[in-house]
Amino acid sequence: MTPRNGRKSIYDEAMETFHRAADLIGMNPRVRLELEEPDFEHIFYVTIETRDRLVPLSSQEVAQVRDVRPSSVKAADALEPLANGQFVLHRRALLESDIELRHGVINIPQKGIFRVQKGGPRKFKAYRIQHNQVRGPYKGGIRFHKDVSLDLFKTLAADMTWKTAIAEVPFGGAKGGIKIDPFNYSREEIEHLTLRYVYKFKKFMGPFLDIPAPDVGTNGEIMAYMMRQFTDGEREHHKMRGVVTGKDVRIGGSEGRLKATGQGVVYCIEEWAREHGFALKGARVTIQGFGNVGSSAAEILHGLGARIVAVNDVNGTIHRDEGVDVAALVQHVHHNAANLRRTVAGFPGAAAISKDDFWRVDADICIPAALGEEITGDVAERLRVKLVAEGANGPSTRDGDRVLAERRIDVVPDVICNAGGVTVSYYEWLQNQRLEHWTEAEVNARLSLALKKNYGIILDIARDRPQRESRAYCVGRPVDVRTAAMIVALKRIEAHYLLEGFSQ
Ligand code: NAD
């Protein structure tokens, strides 16, 4: 793709590591072409009926409508609060209620004065990029977020191709989702949206074709909707549970999957700490993003005696030098109905600081676990840590990477650091094929072995330190750790193409 405004696309920038590694291993030119662009780029639209909403009036408008008599709504759950201050008005609000509507305005004590806005059909842009499937079915997360694009999903789908190869799971790479701010829609609307997504995409999905999983803005509940929509009415539907992973354990999910990505981040940090003779007990950690990955990593590290000294998310940043009470923070963010945006902001057990100050907090380890391109050159200049463990996908820009290397801040690259999620997704898929249920101890023992072995191979390549497992990958000179990880991926993928050959 040609540069836009003098800047390369995210995809082109991300593919620089691919080309560097491909050059180093003298990759077969045909294989290189196969991997340079995705197999398929699906862009489609999903339409749903949205519900009526109560939209708060501005103070000026309120002044003009003071005489609207207060209404009483009996069914407490009939008004569903949204993060943008609106309420979804469910029809059951009318049952046994005493309501006055004047010129479309309603006054609800303790909630406010609202204009009733009619719902109706709304269309959303949806994506699924299937990057490569030479090593197994397409595999990758589903993201519901307002800032998604073809370029972003291409990058994330390619990352999955590298990650599944590095984790040695028999999958390829894919990524997709919907351009939407899910916090501004009701649970029922999100359910309908998910069902329509699968309705449209069903012919391209399957346990041996393309297997989605949760990512930003999605979770086990959404995976359950996807599974239901895919399997409903199918004669042998129990065989199809592996069509999505990241499901609730009660419906075929794996023990340990919910925390698997955070757990994998911690296994990599433990390996790094072992190599450097660094004690995790008492270590100071900063985390960006307190969703699935960030909060799981925080809980596990806290359990190992580390201190989580600062947490940033999209709505705020908190800081406590002695370490935050992680259990209380999880409660505040994830088990608090009033916290509609699931944010750390407003946590009473720590001080609020700016995002700018977050990056300057003195710590040992920084875990970016939010979105991509957060660690820019500027941010990398400010960081006062020894290690960046990339829980998020693509958190460091090319400039950020360069500055981290210049400042000798170690990096555990995303393709190994957050590979715990897809590794346990594979275990979930295996359990689904065999209708088995493994214990969490069994899952974690396998995960630990797999991640630590492959991270070890990556470090051997980076340091040009050939050992029994890494000899076939070392390139005769030291390379940066991100390139080393890509070498592992490309060698394993190339082997498939070269051994299987190409159908014409
Ligand atoms: P999530 O939706 O559960 O949480 C996302 C978190 O990021 C939230 O705390 C949100 O407030 C924060 N965030 C969003 N935008 C931000 C911004 N601009 N600045 C600061 N914080 C911001 O998502 P998740 O599943 O925890 O995923 C987080 C990252 O990890 C993503 O990059 C995802 O691709 C990656 N990842 C997730 C999994 C998984 O199993 N869920 C696996 C591998 C990689």
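Here is a student and a tutor talking through a predicted model and the labels given to parts of it.

Student: Let's start with burial. Why is Ser425 called buried?

Tutor: Ser425 has 1% relative accessibility, and buried means under 20%, so Ser425 counts as buried. The residue is part of helix 14 (residues 420-434).

Student: What does Ser425 touch, leaving out residues up to four places away in sequence?

Tutor: Ser425 touches Lys139, Ala213, Thr245 and Arg257.

Student: And Cys474, why is that one called buried?

Tutor: Its relative accessible area is 16%, and the cut-off is under 20%, so Cys474 counts as buried. Cys474 sits in the loop between helix 15 (440-463) and helix 16 (481-500). Setting aside neighbours within four places, Cys474 contacts Asp460, Ile461, Asp464, Arg465 and Pro466.

Student: How far is Cys474 from Arg143?

Tutor: Their C-alpha atoms are 35 Å apart, with the two positions 331 residues apart along the chain.

Student: Now the other end of the scale. What makes Leu94 exposed?

Tutor: Exposed means over 50%, and Leu94 has 61% relative accessibility, so the label is exposed. You'll find Leu94 in the loop between strand 4 (87-89) and strand 5 (105-108).

Student: Which residues join Leu94 in a nonpolar surface patch?

Tutor: Ile99 and Leu101 do, and the patch made by the three is about 290 Å².

Student: On to charges. What makes Arg53 and Glu189 a salt bridge?

Tutor: The side chains come to 2.7 Å, N to O, and the limit is 4 Å, so the pair qualifies as a salt bridge. Arg53 belongs to strand 2 (residues 53-56) and Glu189 to helix 5 (residues 187-201), so the bridge ties together parts that are 136 residues apart in sequence. Arg53 and Glu189 are both buried.

Student: How do you know that Arg128 and Asp210 form a salt bridge?

Tutor: Same kind of check: the closest N and O atoms are 2.7 Å apart, and within 4 Å is what the definition asks for. So Arg128 and Asp210 pass. The pair links distant parts of the chain, with Arg128 in strand 7 (residues 120-132) and Asp210 in strand 10 (residues 210-214), 82 residues apart. Arg128 is buried, and so is Asp210.

Student: Why does the pair of Arg382 and Asp356 tie together separate parts of the sequence?

Tutor: The side chains meet in a salt bridge at 2.4 Å, N to O. Arg382 is in helix 11 (residues 377-382) and Asp356 is in helix 10 (residues 355-358), so the tied parts are 26 residues apart in sequence.

Student: Why is Asp356 called partly exposed?

Tutor: At 39% relative accessibility, Asp356 is neither under 20% nor over 50%, so partly exposed is the label. While we're on salt bridges, Glu275, Asp460, Arg463 and Arg465 are joined into one network by bridges that share partners.

Student: How many salt bridges does a search of the whole structure find?

Tutor: The search finds 45.

Student: What makes Glu373 stand out in its backbone?

Tutor: Glu373 has a positive phi of about 60° although it is not a glycine. Most residues other than glycine have a negative phi. Glu373 lies in the loop between strand 15 (365-368) and helix 11, and at 30% relative accessibility it counts as partly exposed.

Student: What is the phi of Leu435, and why is Leu435 called exposed?

Tutor: The phi is positive, about 50°, and Leu435 is not a glycine either. Its relative accessible area is 66%, against a cut-off of over 50%, so Leu435 is exposed. Leu435 is placed in the loop between helix 14 and helix 15.

Student: Last stop, the ligand. What makes the Val293 pair a polar contact?

Tutor: A polar backbone atom of Val293 is 2.9 Å from an oxygen atom of the ligand, and the limit is 3.5 Å, so the pair counts. Gly291 makes the cut too, with a backbone N or O atom 3.4 Å from a ligand oxygen. For Val314, a polar backbone atom is 3.1 Å from a ligand nitrogen.

Student: How much of the ligand's own accessible area does the protein cover?

Tutor: The protein covers 87% of 820 Å². Around the ligand are 25 residues, and the closest are Asp215, Thr261, Phe290, Ala370 and Asn393.

Notes: Residues numbered from 1 in each chain as written. Predicted model: local features only at pLDDT ≥ 70, side-chain atom pairs only at ≥ 80, totals over all residues. Heavy atoms only, no water. Patch = residues over 30% accessible without salt bridge, like charges linked within 9 Å, V, L, I, M, F, W, Y side chains within 5 Å. Areas by Shrake-Rupley, 256 points an atom, 1.4 Å probe, with all protein chains shown as cover. Helix = DSSP H or I, 4+ residues; strand = E, 2+ residues; numbered from the N terminus. Buried < 20%, exposed > 50% of the residue type's maximum accessible area, 1.4 Å probe, protein only. Contact = heavy atoms within 4.5 Å. Near = heavy atom within 4 Å. Polar contact = N/O pair within 3.5 Å; in protein donor to acceptor, adjacent residues only side chain to side chain.
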